[in-house]
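Here is my note on the model you sent round. Please read it with the structure open.

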Amino acid sequence: MGNSLNFLRRTLLLLTILTIPHLSASQGTQHKSQPHGLEHLLAQLSHWGKHQLELQKEESRAEYRIIIAWILSFIAASVSSAGGVGGGSLYLPILNLVAGLDLKSSTSYSAFMVTSGSLSNVLYNILFTSPGPGGKSLINYEICLLSEPCMLLGVSIGVVCNVMFPEWLITALFAAFLASSTYKTCSAGFKCWRLETEEVRRGEAFRLERGGNEVDEKEMEEPLLGGGAVGGLRVPWKDLAVLLMIWLCFFVLHVLLGDEAGKGVVNIKPCGVAYWLITLSQVPFAIVFTAYILYDKKKRRSQPQSQQDVDGKDVAAETKMEALPMFVFPSAALFTGVLGGLFGIGGGLLINPVLLQIGIPPRITAATTTFIVLFSASMSMVQYAILGMKGIGQASIYAAVSFVASALGLAVVEKAIEKSGRVSIIVFMVSMVMVLSTVSITCFGAIDVWRQYTTGSYMGFKPPC
């Protein structure tokens, strides 16, 4: 009798194990109310397996999105570097929509990418790019000196306006300004293209008149390309020291202010007395630095022509930017800084078309704008790192992608310019970035405005605190 019961129990246990995966919830028995220990264990193992499978699928999807984000960032950096703009307006939608990062992380990652791409461009322009007229560097350090203090001040003013202005007004102003700038930049590009075509025709006629002399042909191509003798470039260490001093002063002020939540080195209360004193102190800093730079520039211009020749300047090759009033660049920098802080994008996308409209040659505009963006973007990058940014390792990978892509894009464009003899390619690249930025950021703003409208959020002006 005992052997029969043992056999029956083993048979039932085996049948239970075999039928557990096929049981449904409606087929309840006495074991349903009091589940067997083995049945519960198998159910837990099945649930754990399904959960692990879902996690693997999510991880594979995340890795797939990250790879796509790297590819798109590489393309965006290549295109942006050609025109001398930072590309932050292109990085934000890629990081937010494709990589799946939140807006705050996307902004901090973008600062790393813009800084890395700008550094790559600056190094390439100094080490590999042929000099401009008279053997001078394509980077105009005087424009950088005159622009940097007022641009950093303008960014702070724009950030305060960004807090006060409603989202719909910011989106409308951005769309109107950037659409107008895009149209003017495209018009300047087509005008430059026509002038280059005329220069090519005149060069061809000159070559035929001289019997196809290659030396004469090169002489005609050099003004078209804006090139000069290779070598003889010098780094103006005095100007770099002043720029670094400006950067350090404004950086210390920004670190003391902290982020929007008041988190900083000394944790100053937002909109308190100390907060406004530090904020307003940027005004005398900008005025003092700009006044010193204007005085130094005026002093250099008053030097005798022979002394300028000793300093390595080719007076005959001075561009028309020397004839512009000295206050033009600080005013333009302050304007673009305010817009950059208001719209939440880098200044390169805004100051580039302004310099083109002033009349600065495209290659000098691209190189100079990149140098300016390097200082402003690096300030944001270091500030994010000091204030406890998360994901610095992942941001560094994106920065490395931007560094390589920027150098490669700039090299390709330089080759295209040398081969075609048309610097208007740079203007058209700037126009392309501006069109893409107008579409992406305007769409982002429109989505936020619609979300505020549907949720009944306040859409009027707000106090700064």
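The points below go through side-chain contacts, surface and annotation in turn.

1. **Status of the model.** This is a predicted model. Side-chain atom pairs are counted only at pLDDT 80 or more. Please keep that in mind when reading the contacts below.

2. **Aromatic pairs.** How many aromatic pairs are there by the rule used? The count comes to eleven. Take Trp70 and Tyr398. Their ring centres lie 6.4 Å apart and their planes stand at 75°, so this pair is edge-to-face. The cut-offs behind that call are centres within 6.5 Å and planes over 60 degrees apart.

3. **What that pair connects.** Trp70 sits in helix 3 (residues 37–83) and Tyr398 in helix 16 (residues 392–420). The two are 328 residues apart, so the contact links distant parts of the chain. Trp70 is partly exposed, at 29% relative accessibility. Tyr398 is buried, at 1%. Tyr109 joins Trp70 and Tyr398 in one aromatic cluster.

4. **A local aromatic pair.** Phe371 and Phe375 are also edge-to-face. Here the centres are 5.2 Å apart, with 70° between the planes. Both residues lie in helix 15 (residues 362–386). They are four residues apart, about one turn of the helix. Are these two rings buried or exposed? Phe371 is buried, with a relative accessible area of 5%. Phe375 is buried as well, at 12%.

5. **Salt bridges: the count and a long-range case.** The rule gives four salt bridges. One of them joins Glu196 and Arg422, with the closest N and O atoms 3.8 Å apart. The cut-off is 4 Å. Glu196 lies in helix 7 (residues 167–209), and Arg422 in the loop between helix 16 and helix 17 (424–454). The pair therefore ties together parts that are 226 residues apart in sequence. Both residues are buried.

6. **Arg422 again.** Which ring does Arg422 lie over? Arg422 lies over the face of Trp193, at 3.9 Å from the ring centre. Arg422 should thus be inspected for two contacts, one with Glu196 and one with Trp193.

7. **Helix 15 to helix 16.** Arg363 and Glu414 meet in a salt bridge, at 2.9 Å from N to O. Arg363 belongs to helix 15 and Glu414 to helix 16, so the bridge ties together parts 51 residues apart in sequence. Arg363 is buried, with a relative accessible area of 9%. Glu414 is buried too, at 8%.

8. **A bridge within helix 17.** Asp448 and Arg451 form a salt bridge, at 2.8 Å from N to O. Both are in helix 17, three residues apart, which is about one helical turn. Asp448 is partly exposed at 27% relative accessibility. Arg451 is partly exposed at 46%.

9. **Nonpolar surface patch.** Which residues form the nonpolar patch on the surface? They are Leu119, Leu123, Leu127, Phe128, Phe403 and Val404. Together they have about 580 Å² of accessible area. Helix 5 (103–127) and helix 16 each supply at least two of the residues. Helix 5 gives the most, with three. Leu119 is placed in helix 5, and Leu119 is partly exposed at 36% relative accessibility.

10. **Record against model.** An unreviewed UniProt entry lists residues 67–99, 151–178, 240–257, 273–295, 327–351, 363–386, 395–413 and 425–450 under "transmembrane region". Two of these spans deserve a look. Residues 273–295 are 96% helix and 0% strand, with end C-alpha atoms 34 Å apart. Residues 151–178 are 93% helix and 0% strand, and their end C-alpha atoms lie 18 Å apart. Please inspect the path of the chain in both spans.

11. **Phe289.** Phe289 is found in helix 11 (residues 282–301). At 11% relative accessibility, Phe289 counts as buried. The C-alpha atoms of Phe289 and Leu243 are separated by 9.5 Å. Along the chain, Phe289 and Leu243 are 46 residues apart.

Methods:
Residues numbered from 1 in each chain as written. Heavy atoms only, no water. Phe/Tyr/Trp six-rings, centres within 6.5 Å; stacked < 30°, edge-to-face > 60°. Buried < 20%, exposed > 50% of the residue type's maximum accessible area, 1.4 Å probe, protein only. Lys NZ or Arg CZ within 6 Å of the ring centre and 35° of its normal. Patch = residues over 30% accessible without salt bridge, like charges linked within 9 Å, V, L, I, M, F, W, Y side chains within 5 Å. Areas by Shrake-Rupley, 256 points an atom, 1.4 Å probe, with all protein chains shown as cover. Salt bridge = Lys/Arg side-chain N within 4 Å of Asp/Glu carboxyl O. UniProt positions renumbered as here; feature names shortened; annotations may be inferred.
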